Each structure stands twice: as structure tokens, then as C-alpha cells.
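Me: Please take a close look at a single part of this model and describe how that part sits against the rest.

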Amino acid sequence: SVNDRFVMGNQNLLEIAAASGSNNSNTTTPKIIAIQGGKDPICPPDTALDLLQSLPIMELRIPLESGHSMYDPAIKHEIVQATDRLADEFLKEQQQQQS
């Protein structure tokens with residue numbers, strides 16, 4: 001969170017999620033998995049919990065003993081799991097669209 005805004009690049013995740021909840025057929029629901037260290041002193045877990053409240057389509061994974069580093073073994077594991085799962089879902093969607 002930067003100044004209580006959840007942004008990636010110049011896209012506000014909360015605005016994207018709100019738009020995906022509408023009946024606009026041009027908008028797809030983003031798949032979001034957040035991974036937050038349970039003992040992160042730089043970005044405390046309450047920021048991820050705040051984001052989850054505002055963005056209920058998000059899946060939140062919190063390795064309880066992890067800190068801030070993406071190189072922490074438990075966080076790295078969650079990143080690989082999430083990436084593999086999203087890649088599998090994407091490939092399945094692509095195959096369905098081609099059928």
C-alpha cells in the first residue's frame with residue numbers, strides 16, 4: 001500500500017476489481033494471489049488484510065514465520081505454487097478458447 005492505495009504500475013487494483021464486479025462483458029475478473037510474510041516488519045500483515053477486505057476476490061497466503069524477503073523459503077514456495085497454479089489455469093482457458 002502506498003498512501004493507502006493499492007497500485008501496480010499505474011493501475012489501481014481496487015478500481016480494476018470494482019469494474020470486474022459489474023456486468024461489463026469486456027472486463028474479466030483478475031486473478032490475484034497475494035503473499036505476505038507473517039513477521040514482515042517493513043510491510044506488516046495488517047496491510048495485506050486491509051487489501052483483502054477491499055478486494056475480496058484476492059487470495060491471501062501468509063507464511064506465518066516469514067519476513068519481508070521473497071527469498072525466504074516459505075515465501076518462495078508460495079510464489080512458485082501461485083505462479084504454477086495461475087499458469088495452469090491460463091493454459092486451460094487458452095485450450096478451451098481454441099476448442
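Reply: What follows is an account of helix α3 and its surroundings.

This is a predicted model, in which local features need pLDDT of at least 70 and side-chain atom pairs count only at pLDDT 80 or more, while totals for chains, interfaces and linings use all residues. Residues are numbered from 1 along each chain as its sequence is written, and side-chain values use heavy atoms, with hydrogens and water left out.

The protein has 3 helices and 4 strands, arranged along the sequence as β-β-α-β-α-β-α. Helices (H or I, at least four residues) and strands (E, at least two) are DSSP runs, numbered from the N terminus. Helix α3 covers residues 73-98. At 1.5 Å a residue, its 26 residues should span 38 Å, and the end C-alpha atoms are 37 Å apart, which agrees; the expected span is 1.5 Å times one less than the number of residues.

At the N-terminal end of α3, Asp-72 acts as a cap, with a side-chain oxygen 2.9 Å from the backbone nitrogen of Ala-74. Further along, Ile-75, Glu-78 and Ala-82 are buried, where buried means under 20% relative accessible area, exposed over 50%, and partly exposed in between (1.4 Å probe, protein chains only). An α-helix has 3.6 residues a turn, so residues three or four places apart point the same way. The cover over the buried residues of α3 includes β3 (33-35) and β4.

Ile-79 also belongs to helix α3. Because its relative accessibility is 30%, Ile-79 counts as partly exposed. Leaving out residues up to four places away in sequence, Ile-79 touches Ile-35 and Met-70, a contact being heavy atoms within 4.5 Å. The C-alpha atoms of Ile-79 and Ile-33 are 9.0 Å apart, although 46 residues separate the two along the chain.

Strand β4 (residues 59-61), part of that cover, has the highest confidence, with a mean pLDDT of 96; pLDDT is the predictor's confidence in each residue, from 0 to 100. Leu-60 is one of the 7 residues of the largest nonpolar core, together with Ile-32, Ala-34, Ala-48, Leu-51, Leu-55 and Met-58. Such a core is a set of buried Ala, Val, Leu, Ile, Met, Phe, Trp, Tyr and Cys residues joined through side-chain atoms within 4.5 Å.

Confidence is lowest in strand β1 (residues 7-8), at a mean of 54, and pLDDT stays under 50 over residues 23-27. Where pLDDT is low, the predicted coordinates should not be read in detail.

Methods. A polar contact is a pair of N or O atoms within 3.5 Å; within protein, one must be able to donate a hydrogen and the other to accept it, and residues adjacent in sequence count only if both atoms are side-chain atoms.
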